[in-house]
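Here are my notes from going through the coordinates you sent over. Keep the viewer open while you read.

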Amino acid sequence: MSVRVFNTLTRKKEEFVPVEGKKVGIYACGPTVYDYFHIGNARIFIVFDVIRRYLRWRGYDVTFVQNFTDIDDKMIKRANELGITVPELAERYIEAYFEDVEALGVEPADVHPKATEHIEEMVELIQKLEAKGMAYEVDGDVYFHTPAFDNYGELSHQPLDELESGARVDVDERKKHPLDFVLWKKQKPGEPAWESPWGKGRPGWHIECSVMSSKYLGDTLDIHAGGPDLIFPHHENEKAQSEGATGKPFAKYWLHAGYLNINQEKMSKSLGNFMTVREIRKQINPEIVRFFMLSAHYRNPINYSPDLLEQAKSGLDRLSNVVYNLRDLLEKLPEGQGDSADAKERLAALEAHRGRFVEAMDDDFNTADGLAVLFDVARETNAYLKNAQVSRQVVEQTLALFEELGSVLGFFQKQDDEDLDATVNEMIEKRQAARKEKDWATADAIRDQLQAMGIVLEDTPQGIRWRRK
Ligand SMILES: [Zn+2]
């Protein structure tokens with residue numbers, strides 16, 4: 001059996017065959033670092049983290065690249081509002097990005113390139129497109145000429161005239177075609193700028209991804225990933241630039257996650273339902289957020305609501321409790337206990353469940369079905385543990401299965417004791433600070449988080465102590 005992925009380009013589920021043997025290059029469009037990222041971004045980060053982990057677990061040699069957009073209109077506007085420089089703003093929110101994704105269990109990418117560190121290569125690519133007649137300059141701005149690229153519109157599967165009428169909304173008189181897009185922007189007074197053959201300016205957004213992806217992964221990516229809102233125009237434009245310049249396919253497989261709604265509504269600042277992970281982390285154990293995101297297939301729309309989060313919490317608790325129980329039992333059970341026929345049956349069942357998990361995940365990374373397998377294992381394990389005599393081998397193998405499949409989804413890892421120590425102490429300090437401020441909601445939320453981690457707090461004359469449940 002092999003991995004099959006749904007490819008936005010062909011709109012079909014296809015067998016996954018990397019360009020070169022077992023090597024897999026994945027490029028995912030990263031955040032514009034002008035603010036904390038929101039819960040919709042979190043879904044993208046979590047989903048592609050799992051896809052990366054799964055392919056690695058399946059034996060592929062994965063290189064994952066995710067950029068930081070650290071120069072654009074939003075960056076300049078926000079830096080001005082805060083009275084700091086654009087690089088200072090970028091540094092602040094890149095640091096926040098790493099803190100927030102770590103809480104969500106998302107591993108750092110192998111490379112996190114920044115747009116501002118690749119300006120020279122962007123200028124080179126624009127020059128190449130200009131030389132090929134695919135780009136033109138108008139008074140210090142440079143545009144990509146979409147009719148010069150035959151396959152424009154191929155990725156978004158929309159007729160050009162439809163795309164065109166959408167683009168006509170903010171028509172720029174100086175463009176030769178309404179779908180033409182900017183590659184280089186002339187500097188406006190006070191804006192950060194770099195030297196270029198067209199005068200001082202800065203790159204457009206799309207060009208950075210064409211440059212940074214090929215620099216670290218080669219001309220043809222195995223997987224190009226991103227949110228659903230990026231298909232058009234961002235990915236369509238990246239594709240036109242890269243294929244226009246190289247004449248080779250830009251990405252073999254295009255993977256796009258589904259939309260995330262909040263209480264059945266689109267998330268937007270104007271609706272007042274805009275939620276950053278930074279805020280959410282104060283109220284909920286981020287592991288629950290991760291579990292919630294993986295409880296649906298990554299391409300399906302998902303609705304973020306208190307009810308569904310509550311469900312995710314009880315689902316995660318159910319699985320975590322089994323893992324805690326198994327770890328506890330393993331310490332108590334004597335070596336070699338309970339090798340009965342019953343044990344053999346359980347071990348065979350575990351192997352079968354492992355196979356079902358692989359089947360689910362091979363089928364376009366169906367984490368919902370993958371989790372369903374873990375629930376089956378949990379249910380059967382709970383029943384098995386009611387036996388008078390349990391087999392140590394079964395306990396060991398069941399725990400190993402949870403930890404192995406958990407490593408793919410990002411759960412149930414045996415935390416290094418020192419790590420746990422530091423995490424818990426930090427949480428206790430935060431809780432103490434919240435209590436001092438009479439911020440009871442935060443204090444309670446931290447206590448609940450600790451409880452979910454299996455940590456009990458005790459008030460002693462020497463201060464707060466903690467122990468494992
Ligand atoms: Zn991009």
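The points below go site by site, beginning with the metal.

1. A word on what we have: this is a predicted model. Please read every distance and angle below as computed from that predicted model.

2. Which residues hold the zinc ion? The protein donors are Cys29 through SG, Cys209 through SG, His234 through NE2 and Glu238 through OE, and they lie 2.0 to 2.2 Å from the zinc ion. Along the chain, these donors follow the spacing C-x179-C-x24-H-x3-E. Within that set, Cys209 sits in helix α6 (residues 205-217) and Glu238 in helix α7 (residues 231-246), so this pair, 29 residues apart, links distant parts of the chain.

3. Now the geometry at the zinc ion. The four donor atoms subtend angles of 74 to 128° there, and the arrangement is therefore irregular. For a tetrahedral label, all angles would have to lie between 85 and 135 degrees, and the lower end here is 74°. As a yardstick, the ideal angle for four tetrahedral donors is 109.5 degrees. If you plan to put parameters on this site, those are the angles to have in front of you.

4. Are the zinc-binding cysteines buried or exposed? Cys29 has a relative accessible area of 9%, so it is buried. Cys209 comes out at 0% relative accessibility, and therefore counts as buried. Glu238 is buried as well. On the cysteine theme, the structure holds zero disulfides.

5. While you are in helix α7, look at Pro233, which has its place there. Phe232 and Pro233 are joined by a cis peptide bond, with omega at about 0°.

6. Two backbone oddities go on the same list. His157, which is not a glycine, has a positive phi of about 55°. His157 is found in the loop between β6 and α5 (160-167), and with a relative accessible area of 31% it is partly exposed. The other is Lys438, again a residue other than glycine, with phi near 60°. Lys438 lies in the loop between α14 (417-436) and α15 (440-452); its relative accessible area is 60%, so Lys438 is exposed.

7. What does the side chain of Asp141 reach? The partner is the backbone nitrogen of Lys186, at 2.7 Å. Asp141 has its place in strand β6 (residues 141-144) and, at 12% relative accessibility, counts as buried. Setting aside neighbours within four places in sequence, Asp141 is in contact with Tyr136, Arg174, Trp184, Lys185 and Lys186.

8. Next, Asp35 and Arg78, which should be read together. Asp35 is found in the loop between β3 (23-28) and α1 (39-57), while Arg78 is found in helix α2 (residues 73-82). Asp35 has a relative accessible area of 22% and is partly exposed; Arg78, at 18%, is buried. The cut-off for buried is under 20%, so these two values fall on either side of it. Not counting residues within four places in sequence, Asp35 is in contact with Arg78, Tyr93 and Lys269. On the same basis, Arg78 touches Tyr34, Asp35, Leu89 and Tyr93. Tyr93 thus appears in both contact lists.

9. On to the aromatics. How many aromatic pairs does the structure hold? There are 23 of them. In one of these, the rings of Phe411 and Phe412 have their centres 5.8 Å apart and their planes at 45°, so the pair is tilted. Phe411 is buried, as is Phe412. Elsewhere, Phe48, Tyr54, Trp57, Tyr298, Phe357 and Phe365 form one aromatic cluster.

10. Finally, a pair of long spans. The C-alpha atoms of Asp35 and Gln389 are separated by 56 Å, and these residues are 354 apart along the chain. Arg447 and Gly336 are 111 residues apart in sequence and 39 Å apart in space, C-alpha to C-alpha. Arg447 has its place in helix α15, and its relative accessible area of 33% makes it partly exposed.

Technical notes. Residues numbered from 1 in each chain as written. Predicted model: local features only at pLDDT ≥ 70, side-chain atom pairs only at ≥ 80, totals over all residues. Heavy atoms only, no water. Donors = N, O, S within 2.8 Å, 3.2 Å for Na, K, Ca; no water. Tetrahedral: all angles 85-135°; square planar, octahedral: opposite > 155°, others 65-115°. Helix = DSSP H or I, 4+ residues; strand = E, 2+ residues; numbered from the N terminus. Buried < 20%, exposed > 50% of the residue type's maximum accessible area, 1.4 Å probe, protein only. Disulfide = S-S within 2.5 Å. Polar contact = N/O pair within 3.5 Å; in protein donor to acceptor, adjacent residues only side chain to side chain. Contact = heavy atoms within 4.5 Å. Phe/Tyr/Trp six-rings, centres within 6.5 Å; stacked < 30°, edge-to-face > 60°.
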